[in-house]
Amino acid sequence: MTDEWADYAYLSRTAFGYAGSQILYSAVRLGLPDALADGPLPVEKLAGAVGADPAALRRLARALVVLGVLRETAPGQLALAELGRPLCAGHPRSMRSSVLLFGDPAVWSAWGALSDSVLTGEPAFDRVHGRPLFDHLAGDAGLSRIFNTAMREGTGHLAAEVPRAVGCGGARVVVDVGGGDGTLLAAVLAAVPGARGVLYDTAEGGAGAAETFRRAGVADRCAVEAGDFFARVPGGDLLLLKGILHDWDDRRCATLLRRCREAIDPGGRLLVVEPVLPGRLDAPDAAGAVMSDIAMLVYTGGRERDRAGFEELLAGAGFALEGVSAPLGGTAIRVLSAAPV
């Protein structure tokens with residue numbers, strides 16, 4: 001293929017990229033990966049198991065084979081490929097809920113208004129649905145559960161790396177601000193056996209935390225508090241903010257960081273776990289941070305930041321950036337360690 005046609009093919013695949021997203025979403029929504037988790041099935045039997053039209057399911061299955069999610073072990077017989085196993089609910093590295101979240105009509109439709117966000121600087125989600133993302137989640141219990149589980153999936157892939165990346169030994173009270181179901185806090189407490197933890201989030205956000213702590217064996221060292229982190233943050237000597245600052249504009253981030261500065265014990269540390277935009281767009285992890293930055297524009301009006309942006313934001317709230325870890329798990333996500341000044 002000539003370079004000209006290779007460029008055409010690449011642009012065509014990119015323009016049609018939403019098709020792959022919806023193929024995965026449909027497969028997970030129908031339950032195909034879980035139905036095939038124990039072994040191959042003929043298309044007709046698989047269709048019966050998930051309540052689908054056999055002819056239409058055969059067409060979807062062909063696409064999933066092309067994407068590498070399924071295998072055709074014999075004519076008309078389908079098996080789950082290794083690539084598709086993380087789409088199962090019980091997989092230790094499951095991303096089932098993440099696929100359901102990104103493919104959900106409420107989330108997917110917001111991307112159709114990306115150009116409006118670029119014109120106005122306002123989040124596309126608000127324009128499409130008439131209310132901010134987190135307000136929408138508060139009014140949709142089903143989507144809220146998917147969102148919280150998807151956040152747990154993403155955090156679970158990296159949680160154990162956070163204490164290894166920066167060292168959390170010596171911490172006495174660890175406060176996970178906006179910590180969701182407590183996956184990160186549980187990992188930190190496992191690494192610091194002498195510490196106590198506080199999970200601080202909205203009632204909806206922290207709903208699954210008690211069960212997470214029970215499974216991790218740290219329930220006797222944890223408390224769950226509900227509240228608004230823009231108004232107050234519980235006190236501690238190690239504060240965690242994972243995937244929080246990129247949800248908000250600089251003004252709201254400044255408010256949150258001031259609450260953290262008010263709450264942190266003397267000599268304490270703030271750990272910010274976020275994608276960090278690299279200095280060069282040809283850096284190995286640039287794509288992840290840049291695409292996440294566009295997602296924040298669509299979903300919340302937030303943004304990803306480079307190191308200088310974090311330094312400025314932290315300094316404005318009375319923190320000094322001490323260091324930035326290497327990427328976690330080969331992603332653009334890093335741990336930024338800051339101390340009060």
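Biologist: What covers the buried residues of α14?

Modeller: In this predicted model, the elements that cover them include α13 (183–191), β5 and β6 (222–226).

Biologist: Which residues of helix α14 are buried?

Modeller: Helix α14 spans residues 209–216, and its buried residues are Ala-209, Thr-212 and Phe-213. Viewed down the axis of α14, these buried residues fall within an arc of 95°, so they line one face of the helix.

Biologist: Which residues are exposed on the other side of α14?

Modeller: Ala-210, Arg-214 and Arg-215 are exposed there. After α14 comes Gly-217, which has a positive phi, near 75°.

Biologist: How should one read a nonpolar core, and how many residues has the largest one here?

Modeller: As a general idea, nonpolar side chains in soluble globular proteins tend to be buried together. The largest nonpolar core in this structure has 30 residues, and Phe-229, Leu-241, Leu-256 and Leu-270 have the most contacts inside it. Several elements each supply at least two residues of this core, among them β4 (173–177), β7 (236–242), β8 (264–277) and α17 (307–316). Helix α15 (250–263) is also one of these elements, and the largest share of the core, five residues, comes from α15.

Biologist: With which residues is Phe-229 in contact, leaving aside its neighbours within four places in sequence?

Modeller: With those neighbours left aside, Phe-229 is in contact with Val-177, Gly-178, Tyr-200, Ile-244, Trp-248, Leu-256 and Arg-259. Leu-256, like Phe-229, is among the residues with the most contacts inside the largest core.

Biologist: Which residues does the second, separate core include?

Modeller: That core has 26 residues, including Cys-168, Ala-171, Val-174 and Leu-238.

Terms used:
Residues numbered from 1 in each chain as written. Predicted model: local features only at pLDDT ≥ 70, side-chain atom pairs only at ≥ 80, totals over all residues. Heavy atoms only, no water. Core = buried A, V, L, I, M, F, W, Y, C linked by side-chain atoms within 4.5 Å. Buried < 20%, exposed > 50% of the residue type's maximum accessible area, 1.4 Å probe, protein only. Helix = DSSP H or I, 4+ residues; strand = E, 2+ residues; numbered from the N terminus. Contact = heavy atoms within 4.5 Å. Arc of directions from axis to C-beta.
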